[in-house]
Amino acid sequence: MSALAGRAGTGELPCIRCGDCNAACPEGLPVLALLDALRAERDDLASAAGIDACTACAACDAACPSAIPLARRFAERQSTRRARAALLVRAGQARLRIDARTLRLRREAGEQADREAARVRDASSGDAVAAAIARGKARRAEKPAGGT
Ligand code: SF4
Ligand code: SF4
């Protein structure tokens, strides 16, 4: 059975590494390298090979004698990558919100502690003043009238 016969009848056949997909890509992407990266689950290599520039035009599909659905696979990987990136952004934003809340709670706790310390300080200084006044009154009361 020829590759083309397989394409028409039983669907996807093994890649014969003919390179026709590379030649067909209007974006000049290394399509075979992209396919290899996807099959190896190497997102880093797919990214380096420019998967984000794939427009899913399917010119590579049309050129592939093995009927490998390249454009669909690239599009699926792109959407997975975008979803993951969006998830990372949301996780980062949540982290920032948590950090900001933690800082706010710490600041409020510090301010509360400062207020409490000031209140205790004021209360004790008020006691000291009252005690001094009481001592002064007591001394005056002890002095004989007309004495020095
Ligand atoms: S055109 Fe198809 S068979 Fe040929 S190298 Fe590309 S993916 Fe493989
Ligand atoms: S689908 Fe993507 S990889 Fe295939 S020819 Fe179009 S731009 Fe190139």
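Start at ligand 1: by class, its shell has 11 nonpolar, two polar and two charged residues. Keep in mind that this is a predicted model.

**Stop 1: ligand 1**

Select ligand 1 and show what surrounds it. The shell holds 15 residues, and those that come nearest are Cys15, Cys18, Asp20, Cys21 and Cys64. Now colour by helix. Helix 2, residues 20–24, supplies at least two residues of this shell, and so does helix 3, residues 31–39. Helix 3 gives the largest share, three residues.

**Stop 2: Gly19**

Next, select Gly19. Look for Gly19 in the loop between helix 1 (3–9) and helix 2. Is Gly19 buried or exposed? Gly19 has 12 C-beta neighbours inside 10 Å. The cut-off for exposed is 12 or fewer, so Gly19 counts as exposed.

Keep Gly19 selected and add Cys64. In sequence, 45 residues separate Gly19 and Cys64. In space, their C-alpha atoms are 8.6 Å apart. Cys64 was also on the list at the previous stop, as one of the residues that come nearest to ligand 1.

**Stop 3: helix 3 against helix 6**

Go back to helix 3 and add helix 6, residues 70–142. Two packed helices are described by the angle between their axes and the distance between the axes. Here the angle is about 55 degrees, and the axes lie 11 Å apart. How do helix 3 and helix 6 lie to each other? Angles from 35 to 65 degrees fall in the oblique class, and helix 3 and helix 6 are therefore oblique to each other. Their crossing is left-handed.

Show the side chains at this contact. From helix 3, pick Val31, Leu34, Leu35 and Leu38. They meet Leu70, Arg73, Phe74 and Arg77 of helix 6. By class, the contact has six nonpolar residues, no polar ones and two charged ones.

**Stop 4: ligand 2**

Stay with helix 6 and select ligand 2. Which residues are closest to ligand 2? Of the 15 that surround it, the closest are Cys25, Cys54, Cys57, Cys60 and Ala71. Helix 5 (59–63) and helix 6 are the elements that give two or more residues to this shell. The largest share, three residues, comes from helix 6.

Finish by colouring the shell around ligand 2 by class. The tally is 13 nonpolar, one polar and one charged.

Terms used
Residues numbered from 1 in each chain as written. Chains lettered and ligands numbered in written order. Predicted model: local features only at pLDDT ≥ 70, side-chain atom pairs only at ≥ 80, totals over all residues. Near = placed C-beta within 6 Å. Helix = DSSP H or I, 4+ residues; strand = E, 2+ residues; numbered from the N terminus. Nonpolar A, V, L, I, M, F, W, Y, C, P; charged D, E, K, R; others polar. Axes fitted to C-alpha atoms, helices over the stretch in contact; angles between N-to-C directions. Parallel < 35°, antiparallel > 145°, perpendicular 65-115°, else oblique. Left-handed = near helix turned anticlockwise from the far one by under 90°. Contact = placed C-beta atoms within 7 Å. Buried ≥ 20, exposed ≤ 12 C-beta atoms within 10 Å, placed from the backbone.
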